[in-house]
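Let's take a short tour of one strand and some aromatic rings. Have the structure open as you read.

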Amino acid sequence: MAGSNQTPYYTPTSKPSAATHPFSSWKKLNFYYSLAAVTFLCCACYYVGYLQHSNVGLRVLTTSTLASTTNCFSSQNKTSTTSRVSSSSSSPLDFSTHHAADDGGAVTADDAVKIYPPCDFKYSEYTPCEDQKRSLKFKRDRLIYRERHCPEKSELLKCRIPAPYGYKNPFKWPLSRDLAWYANVPHKELTVEKAVQNWIRFEGDRFKFPGGGTMFPNGADAYIDDIGKLINLKDGSIRTAIDTGCGVASWGAYLLSRNILAMSFAPRDTHEAQVQFALERGVPALIGVIASKRLPYPSRAFDMAHCSRCLIPWGEYDGTYLIEVDRVLRPGGYWILSGPPINWRKYWKGWERTREDLNAEQTKIEQVAKSLCWKKFVEKDDIAIWQKPYNHLQCKESRKMSRNPPMCPAQDPDKAWYTEIETCLTPLPQVSSEERVAGGHLEKWPKRLHAIPPRISRGTVNGVTADTFKKDSQLWKRRISYYKTVNNQLGQPGRYRNLLDMNANLGGFAANLVDDPVWVMNIVPVEAKVNTLGVIYERGLIGTYQNWCEAMSTYPRTYDLIHADSVFTLYKDRCEMEDILLEMDRILRPEGSVIIRDDVDTLVKVKRIVDGLNWDSQIVDHENGPLEREKLLFAVKSYWTAPATQESETS
């Protein structure tokens, strides 16, 4: 258990001695013996190379092997840069969890490695770009103060964020959907504030999530069943969803059993730790708010959008927020609204609002939806559903009389990183007839995952063709297989749940893990040459945009495994490598794992920093063998927590 006196993580610092030349006496041999010996050695080397190239066995790169490998690629002397890469060369990494390995946050002193000390405990839930003190400097109008506002470079912390005392590895999925350790998210506010709504309960040393919500007192499962009676949730036509103002994400949690993947979001601390609870449960979620900026998702991303009493003023500001939902909603997609003002004639007294106020609110929403060419699909009890048109042919005809909101001028509808929301309707791609789906028809899930995404088949993703998509799929199938030979825990159900791919490209990493009990947050960096996030959503996966020179909109200890493909090459000369790694350390759970792919020279520098972060790490060969410049670094974050306090010991 956490806090026990187990042996701390061991990071060897000894360096293998340089090998002496075993063939110095060959000069004394006659010509024929020499020739035979050389022939034998050549054959042996060829055989060993064949085994490595065929992925038989695993070669861990020690100081000497890495030095010899890098010297094959460059005539420069690599001795000084490779002498530090020996941390775990003599023994394999331990990827399994132990709940506690109490080292008090200490690391082995080494004058060649910069040591990153633990931060003060007050930073245990630090989310740099949603810091509450910084947010107070910005306007409260339209919740602008709750948007991303990141620290300046001089304000960046150069220390490791501590886990709370007593932190334990989360319950394994699917048990984690219903249970979380109190020590991991020590906040009881919601258990009081939402007690009658059945969001969350506190019992002993843990929280229980009954699946309730403000508008579904009988539980999220029953509520989703009610929605399923109105639209088809079973035939695979609905795969991706977005939940605005998600609470503890029970709606998204219970959709997972229906093969529907929801992106849930809510602002930081509207209710204490709601998004943190969602992530602790093993449910996809981000800190976020609809305010003045576009949501960080591409256009036409979601099959379904949902708001259950999410308190967003949909009819205000010229319908700006519904206009943004329209941008991210797929043609033919559904928008679901439950709670005020729906069916206000029946519920208005319980909502403690006047009939006139509720009627005016619903009237505004209906008007905005109509101006977007949405059709009212159904309204039953306290649930109303609208449907976005499959194309804009009829919409353009009907808007000749009324042009409010106007169609947006030529723009990139997928651009969504610090991009201002516009009060104009995002035009759908052109179609030849009313029966056509704008942007292309999507296959139903699960066929959608491996079908050629419409953005690729239509040639709208620069440099990506159907052929390159198929080759990428095969590439990642082979890579995931290799990953599981290095880290056998990756193939064991329950060890990992929340995964992050920092540079997802076409989503191949996530696609090849879709049968495992995990979910992957696919990141397309803003600096990537090609914006592929729309392709990822067309495959039935989820993700977001991110600039890795800034912090991610998530809590500390969010992810169980982080995958980083060429991230450090991408951000070379853009920002400091140590700041990216410190952010990875912030959002990685204790005993969480990391897989980094990059050029060997880059990984040597990365390893020096992760040694200072007290990660246990190894550099290993590429899956194609030792002759590839690209290598892989596998690492495990050590377990450590903030020290015990009187309050934590008695709670």
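This is a predicted model, and a good place to begin is a pair of strands. Strand β16 (residues 615-620) and strand β17 (residues 630-637) run antiparallel to each other and are joined over six bridges. Across from Q618 you will find F634 of β17.

How many of the six residues of β16 are buried? Six of the six are, so the strand is largely enclosed by the rest of the structure. W615, S617 and I619 point one way from β16, while D616, Q618 and V620 point the other way, and all are buried.

F634 also leads us to the aromatic rings, since it belongs to one cluster with F95, W476, Y483 and F509. Over the whole structure, a search finds 21 aromatic pairs. One of them is formed by Y483 and F509: their ring centres are 6.4 Å apart and the planes meet at 55°, so this pair counts as tilted. It brings together distant parts of the chain, with Y483 in helix α14 (residues 466-486) and F509 in helix α15 (residues 508-511), 26 residues apart. Both Y483 and F509 are buried.

Two tryptophan rings have a charged partner over them, as listed here.

| Charged residue | Ring | Distance to ring centre |
|---|---|---|
| K168 | W181 | 4.0 Å |
| R497 | W173 | 3.7 Å |

In the K168 case, the charged end sits over the ring of W181, and R497 lies over the face of W173.

Terms used. Residues numbered from 1 in each chain as written. Predicted model: local features only at pLDDT ≥ 70, side-chain atom pairs only at ≥ 80, totals over all residues. Heavy atoms only, no water. Buried < 20%, exposed > 50% of the residue type's maximum accessible area, 1.4 Å probe, protein only. Helix = DSSP H or I, 4+ residues; strand = E, 2+ residues; numbered from the N terminus. Pairing = 2+ DSSP bridges. Phe/Tyr/Trp six-rings, centres within 6.5 Å; stacked < 30°, edge-to-face > 60°. Lys NZ or Arg CZ within 6 Å of the ring centre and 35° of its normal.
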